[in-house]
Amino acid sequence: MAITEEALQERFPRYSLANLPTPLEDAPRLSAALGGPRILIKRDDLTGLALGGNKVRKLEWLLGDALAQGADCLITTGALQSNHCRQTAGAAAKAGLPCYLVLRAPFEGEGQGNVLLDELLGARLIRVTDSARTAETIERLIADLRAEGRKPYLIPVGGSTSVGALGYVVAALELKRQLDERNLSATRVYFSSGSAGTQSGLIVGTKAAGATWQLVGVTPGGGAEGLRRQVLSLARETADQIGLGQPISAEEVIVDDRYVGPGYGQLTSECVEAIRLVAQTEGILLDPVYAGKAMVGLIDQARRGTVGRDETIVFLHTGGTPALFAYAEELTRA
Ligand SMILES: *Cc1c(COP(=O)(O)O)cnc(C)c1O
């Protein structure tokens, strides 16, 4: 049986949050600046809710699951400037559920960017100074809430479960449709890959759509090997869950960790250059942690000729723009 968005919605509860389909925009001035490849930008920074981003797609299915289970509050976790936490806070507000965010140190950019929005969205913020104690803090919070008779729903880092990944299965189907409508076919899709959910969903959705583009995940930090394993296992779990009926091999999981620089969340000069280039050629703002570094990968590979001049590339803009403001000082200094 064909895997379609409608068929998935019949089997899995979905809570509508996102403005879909997101635009697929031509980026001709960026293409020209890179000397050739046709570049289209898939604007998942415009999913809408609470300034948008890729987590909104996952949260539609996670909220669907939470509400079906009778949950009455949400818990999630991330860095202080987590986009995922901000979008979860937005989803919780829209669904009328209290939201607990367990935020780990370092606490850079306090009062700015995502953490400012978390507070405006009414989330309850729990800061964990010793990040090794994050899991323990979450367990204690769950136990306390249950003791009060509440039913918390825990969303793991990045919302990257097989349920959350459904958001990107649907996104791949949506992208295929948009390209087909314009008689285009993409050779590669570039995107930032951090906690495996986006990439796993895309792998499964790409197969379900019968598309042949190569998926290139660029990591914002951490080792590529661990993330590759995580993606492979989550993609297989997601495929089983929806009955894809096609194998997924390790070779299909491309994770590029060459553009991280000194570490997660640390600005590189290449990233600043990429942010300025895309802003000044297309009027599109990338973030300094994720999409900016993924764009560094695309720029580098276009300049080296790894990406050919005659290729059609989709750059998936996963959002994160509010984090720009938390980096104001570094960005203006650079
Ligand atoms: C979370 C995030 C990613 C990574 O998505 P994963 O599904 O965790 O791999 C990429 N870009 C932005 C802006 C994000 O917030």
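Author: Helices (H or I, at least four residues) and strands (E, at least two) are DSSP runs, numbered from the N terminus. The model is predicted, so local features need pLDDT of at least 70 and side-chain atom pairs count only at pLDDT 80 or more, while totals for chains, interfaces and linings use all residues. Residues are numbered from 1 along each chain as its sequence is written, and side-chain values use heavy atoms, with hydrogens and water left out.

Reader: How many helices and strands does the secondary structure of the chain come to?

Author: The DSSP runs of the chain are of both kinds, helices and strands. The count is 13 helices and 10 strands.

Reader: What is the radius of gyration of the chain, and why is the chain as compact as a globular protein of that length?

Author: The globule rule (2.2 Å times the number of residues to the power 0.38, with the radius taken over C-alpha atoms) is the reference. For 334 residues it gives 20 Å, and the chain is close to this, so it is as compact as a globular protein of that length; its radius of gyration is 19 Å.

Reader: Which elements give two or more residues to the shell around the ligand?

Author: The space taken by the ligand is the largest pocket. A pocket is an open set of points on a 1 Å grid over the protein atoms alone, where a 1.4 Å probe fits, with protein on both sides within 12 Å along at least five of seven lines. The elements in question are α3 (55-68) and α8 (197-209).

Reader: Which ligand atom does a polar side-chain atom of Thr318 lie 2.6 Å from?

Author: Polar contacts are pairs of N or O atoms within 3.5 Å. Lys58 has a polar side-chain atom 2.6 Å from an oxygen atom of the ligand. For Thr318, at 2.6 Å, the partner is a nitrogen atom.

Terms used. A polar contact is a pair of N or O atoms within 3.5 Å; within protein, one must be able to donate a hydrogen and the other to accept it, and residues adjacent in sequence count only if both atoms are side-chain atoms. On a 1 Å grid over the protein atoms alone, a cavity is a set of points where a 1.4 Å probe fits but cannot get out, and a pocket is an open set with protein on both sides within 12 Å along at least five of seven lines; lining residues have an atom within 4 Å of a point. A molecule sits in a cavity or pocket if more than half of its atoms lie within 2 Å of its grid points.
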